[in-house]
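Let's walk through the salt bridges of this protein, and then look at how far the coordinates can be trusted.

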Amino acid sequence: YISAQVTRIDLKVDLAIAETMRIYKHTVRSALASGFIPGGPSATRVAVATVVCKTIVACFGVPTVSSKTVMEIVHSIIWEDIGHNMSVFFAEGISTGGLVLTVASGGILAPLLAASGVINAPIVVPAITRMFLMLACDVILILVRAFKESTNKCIGQPLKKDIEVAAHMYRQISKKVHKKINKAVPRHNMIRSFQTSRVRQHFEEVVGKYKDLVTADIGHGATLKVLDAEDDDSDSEKTLCEPEKNGSSTSIKVL
């Protein structure tokens, strides 16, 4: 019923958040286990990205565009995840080294394999959970804009080109969204990744804050103007969205 709706976008967002956090609980455990398996972090990373993207697209209900296409759009337009890749590759190097030494020693050095998993855990878990939450935020906010734009134009369900346009517009604020996720799940704090209630609260706050901002210019003849000021924790003292007159047009300053 919710995925079939076109104009009631908030219902889609709420469902997508609930499903994302349901999957997140399994993702944390899978990320921890993958650190003990050579090649495990990369395989887990790809698997959870595919699952969360497919789930969110199903929540929104986009019959004309597959989840694979949406993920390709996100990766080609939004993502610059070299840092996450390096963390995963480093962890895999440790686990592979432990396996090689174990085999070469005929099992005498088997404890090294277990030790490599222990070493990997603080690296792999934050890297995969941060990637998971960033991707979920990106897909949700891009689809929010695509649906809002389609509703404004009275064309029903968004098409692939509508999602691509939405991704290009969202790209202007994507780095700010990613910074918020990074604060929620610090790179060097594995315990925070397991605090699912706290993570959910932060995730809901990020989506709630930016879902209105990402559609602020639709239907008002405005364009988004993102300032380069550094984001900090004093959001309550800032104006999120401020109209700026430029002759006959209006721009939206993102502070």
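## A pair in helix H1

Glu 19 and Arg 22 sit 3 residues apart in helix H1 (residues 9-34), which is about one turn of the helix. This is a predicted model, and in it the two side chains meet in a salt bridge, with 2.9 Å from N to O.

How accessible are the partners? Glu 19 has 23% relative accessibility and so counts as partly exposed. Arg 22 lands in the partly exposed class too, at 43%.

## A pair in helix H8

Helix H8 has a pair of its own: the side chains of Glu 204 and Arg 200 form a salt bridge, at 3.0 Å from N to O. Why are Glu 204 and Arg 200 about one helical turn from each other? Because they are 4 residues apart in helix H8.

On accessibility, Glu 204 is partly exposed at 34%. Arg 200 is partly exposed as well, with a relative accessibility of 32%.

## A small network

Next up is a bridge between Lys 211 and Asp 212, whose side chains meet at 3.7 Å, N to O. Is Lys 211 buried or exposed? Lys 211 is buried, since its relative accessible area is 17% and the cut-off for buried is under 20%. Asp 212, on the other hand, is partly exposed, at 48%.

This bridge isn't on its own, either. Asp 10 joins Lys 211 and Asp 212 in a network of salt bridges. Across the whole structure, a search turns up 5 salt bridges.

## How much to trust

Now for confidence. The average pLDDT of the protein is 74, and 64% of the residues score at least 70. Which helix comes out highest, and which lowest? Helix H8 (residues 196-213) is at the top with 93, while helix H4 (residues 82-104) is at the bottom with a mean of 43. The bridge between Glu 204 and Arg 200 therefore belongs to the helix with the highest confidence.

Two stretches call for some care. Residues 86-117 stay under a pLDDT of 50, although the model gives them 41 contacts beyond four places in sequence. Residues 227-255 are also below 50, and there the model has 61 contacts beyond near neighbours in sequence. Where pLDDT is low, predicted coordinates shouldn't be read in detail.

How values were computed: Residues numbered from 1 in each chain as written. Predicted model: local features only at pLDDT ≥ 70, side-chain atom pairs only at ≥ 80, totals over all residues. Heavy atoms only, no water. pLDDT = per-residue confidence, 0-100. Helix = DSSP H or I, 4+ residues; strand = E, 2+ residues; numbered from the N terminus. Contact = heavy atoms within 4.5 Å. Salt bridge = Lys/Arg side-chain N within 4 Å of Asp/Glu carboxyl O. Buried < 20%, exposed > 50% of the residue type's maximum accessible area, 1.4 Å probe, protein only.
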